[in-house]
Amino acid sequence: MAKKQSGSVPNRAIYSRLSYLYQAAAYLGSQAPPSADSGHPRALGSWDESQAGPGAQDQTREPHKDIHATASRRLLSDLRAVSLKTQIRIDPSIKRTICKYCDTLLVEGTSCTSSVENRSRGGKKPWADVLVMKCGTCGREKRFPISAARQKRRPFREGEVKGDVDGVVTLPER
C-alpha cells in the first residue's frame, strides 16, 4: 500500500470536475438569451423560409428555447450524477443554488424569485422567517430558515449555563 502523502486531498480529480461543472453552469446561466435584434438569422422570430436552403426542414413557429439555460441544466445534472456516483457531498451553498427537481441554476431575478414569509400568527416571531425561492422553470419552491440560530443538540441543551438578570451566571442544578 502506498504511503499517504501529507497535504494531499483524496479524490482531487473528482472535486476538480465538480468545480468545473458548477463554474461552467454558472457561466452559461448568467448569459443573456439571444435577442431578435442580434442579426443572427435564427434569433427570436427572425427566421424566414426564404433564407433557408433547398434542403431545409420544415421549421415550426414556436419560440426559440434558450440554449444557454439548456446547457446549464445539462451540466448541473451531470454534476449531480457525478456526486451521487462517487458519493461525494455537494457543499450546501452550492446545493441552494440548484433546483432539486429540474436542475436549473437558481439566479435571483433571472431564473427564480425569492420572498421572505413568516407564517407565525401575525408575523410576531422573528425567528420564524423563511426565505422562499421559487424556480421559474418548474415552479417548485425551496425554503430556507433565516436569522435563526441553529438549535443545539439535546445533550448540549440540557447542560446549558443560564444567566440571571443581574448578569450573574448560575450553573444548572443536578
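Reading from the N terminus, the elements of the protein follow the order α-α-α-β-β-β-α-β-β. That gives four helices and five strands. Keep in mind as you look around that this is a predicted model.

With the order of elements in hand, let us turn to the packing. Of the 174 residues in the protein, 18% are buried. The accessible surface of the protein is about 14300 Å², and carbon and sulfur atoms account for 52% of that area. As for how the chain meets itself, take the contacts between residues at least 6 apart in sequence: 43% of them join residues at least 24 apart.

Next, the open space. The largest pocket holds about 440 Å³, and 16 residues line it. If you would like to find its centre on screen, look for Arg80, Ile90, Lys95, Lys100 and Lys142, the lining residues that lie nearest to it. Three elements each give at least two residues to this lining: α2 (67-86), α3 (92-95) and β3 (141-145). In character, the lining is made up of seven nonpolar, seven charged and two polar residues.

The cysteines deserve a visit too. How many disulfides does the structure hold? The count is zero. A disulfide, after all, is a covalent bond between the sulfur atoms of two cysteines. For Cys99, the closest cysteine sulfur is that of Cys102, at 3.6 Å, and Cys99 has no bond to it because this is too far, the cut-off being 2.5 Å. Cys99 counts as buried because its relative accessibility is 2%. Cys112 is in no disulfide either, with the nearest cysteine sulfur, in Cys135, 7.5 Å away. Here as well the relative accessibility is 2%, so Cys112 counts as buried.

Finally, two backbone angles are worth a look. Gln87 is not a glycine, yet its phi is positive, at about 55°. This residue sits in the loop between α2 and α3. Is Gln87 buried or exposed? With a relative accessible area of 73%, Gln87 is exposed, since the threshold for that term is over 50%.

Asp103 also has a positive phi, near 60°, in a residue other than glycine. You will find Asp103 in the loop between α3 and β1 (112-118). The relative accessible area of Asp103 is 14%, so Asp103 is buried, the limit for that term being under 20%.

Definitions and conventions. Residues numbered from 1 in each chain as written. Predicted model: local features only at pLDDT ≥ 70, side-chain atom pairs only at ≥ 80, totals over all residues. Heavy atoms only, no water. 1 Å grid on protein atoms, 1.4 Å probe; cavity = no way out; pocket = protein on both sides within 12 Å on 5 of 7 lines; lining within 4 Å. Points joined across faces, edges and corners; volume = space filled by probe spheres on them. Nonpolar A, V, L, I, M, F, W, Y, C, P; charged D, E, K, R; others polar. Buried < 20%, exposed > 50% of the residue type's maximum accessible area, 1.4 Å probe, protein only. Contact = heavy atoms within 4.5 Å. Areas by Shrake-Rupley, 256 points an atom, 1.4 Å probe, with all protein chains shown as cover.
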